[in-house]
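Open the structure in your viewer and follow the stops below in order. Each stop says what to select and what is found there.

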Amino acid sequence: MIKTCFSFSRRAALGLMTTALVSVAALGTPAQAADGQAFVTAFGSKLIGIINSDKSLVEKRQAVLPLVQENVDIATIGKFCLGRYWRTASPDQQARYLALFNQVLVGAVTDRIGDYKGVSFKVTGSTNTPNGELVSAQIMRPGQPVAEMGVLIAHDGGLKIVDMIGEGTSLRLTQRQDYSSYLARNGGNVETLIKALERQIAHHH
């Protein structure tokens, strides 16, 4: 059985949610160091406003869904998670895999919304890396230790989130290892992974 996608701890799952959003106003600005921090501050504030609101869980999930899809580069993350197997997949398999990956990733984010209330966060800095700008943030929850998070931002054609670092662990690297080990056990056949993701989504619903 394939591991549940993004099977991080609850604190890291919160970090994924907190850092999966951004206000559209931050997009399309010049790629300067301050922009990444403003980007994370804007989407974090918007998400926490949803989480801490009195809306129903269904309404919260509906509000979060388009923000994740617009501001997280799901296709880039999906390709990275498939690793070298992306090149061996047919165009049809690539398209079906990315559609499923989109559902799994968005589901992983929205499923956790009901677990949190009274959340706050702050951006603490950023550094430029070969893979993009890494913005650091702290997430605070009542009665819980402060969670340190990192958000990797790509500046190609507008700011987009391409990875999350939770408790020192890269979301996309963890998922790539899970997918690679699954595919290695199944003869490297991408179709087997697609079927596993379909079962995962069907079971989830």
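## Stop 1: an acid-base pair

Select D163 and R172: their side chains meet in a salt bridge, at 3.5 Å from N to O. The model is a predicted one. Are the two partners buried or exposed? D163 has a relative accessible area of 4%, so it counts as buried. R172, at 10%, is buried as well.

Keep R172 selected and show its surroundings. R172 belongs to helix 7. Leaving aside residues up to four places away in sequence, R172 touches I77, F80, C81, N131, L152, V162 and D163.

## Stop 2: helix 4

Now select residues 74-82, which form helix 4; its buried residues are I74, I77, G78, C81 and L82. These lie on the same side of helix 4, because the arc they cover around the axis is only 135 degrees. Two of the residues touched by R172, I77 and C81, are in that buried set.

To see what covers the buried residues of helix 4, add helix 3, helix 5 (85-88), helix 6 (91-110), strand 4, helix 7 (171-185) and helix 8 (190-204), which are among the covering elements. Then step past the end of helix 4 to G83, where phi is positive, near 60 degrees.

## Stop 3: helix 3

Select residues 57-71, helix 3. The 15 residues of helix 3 reach 21 Å from the first C-alpha to the last, close to the 21 Å expected at 1.5 Å a residue. Colour K60, V64, L67, V68 and N71, which are buried in this helix.

## Stop 4: the sheet

Switch to the strands. Five of them make an open sheet, in the order 1-2-3-4-5 and with antiparallel pairing. Strand 1 (120-129) and strand 5 (169-170) each have a single partner strand and stand at the edges, so one side of each has no neighbour in the sheet.

Zoom in on strand 4 (residues 160-166) and strand 5, an antiparallel pair joined over 2 bridges. Which residue of strand 5 is the bridge partner of G166? The partner is T169.

## Stop 5: a salt-bridge network

The whole structure holds 5 salt bridges. Select E191 and R96, whose closest N and O atoms are 2.8 Å apart in a salt bridge. E191 is in helix 8 and R96 in helix 6, so this pair ties together parts 95 residues apart in sequence. R96 is partly exposed, at 25% relative accessibility.

Next add K195, which forms a salt bridge with E191 at 3.6 Å between the closest N and O atoms. Both residues lie in helix 8, 4 residues apart, about one turn of the helix. K195 is partly exposed, with a relative accessible area of 37%. Finish by selecting D92, R96, E191, K195 and E198 together: salt bridges link them in a network.

Definitions and conventions
Residues numbered from 1 in each chain as written. Predicted model: local features only at pLDDT ≥ 70, side-chain atom pairs only at ≥ 80, totals over all residues. Heavy atoms only, no water. Expected span 1.5 Å × (residues − 1). Buried < 20%, exposed > 50% of the residue type's maximum accessible area, 1.4 Å probe, protein only. Pairing = 2+ DSSP bridges. Arc of directions from axis to C-beta. Contact = heavy atoms within 4.5 Å. Salt bridge = Lys/Arg side-chain N within 4 Å of Asp/Glu carboxyl O.
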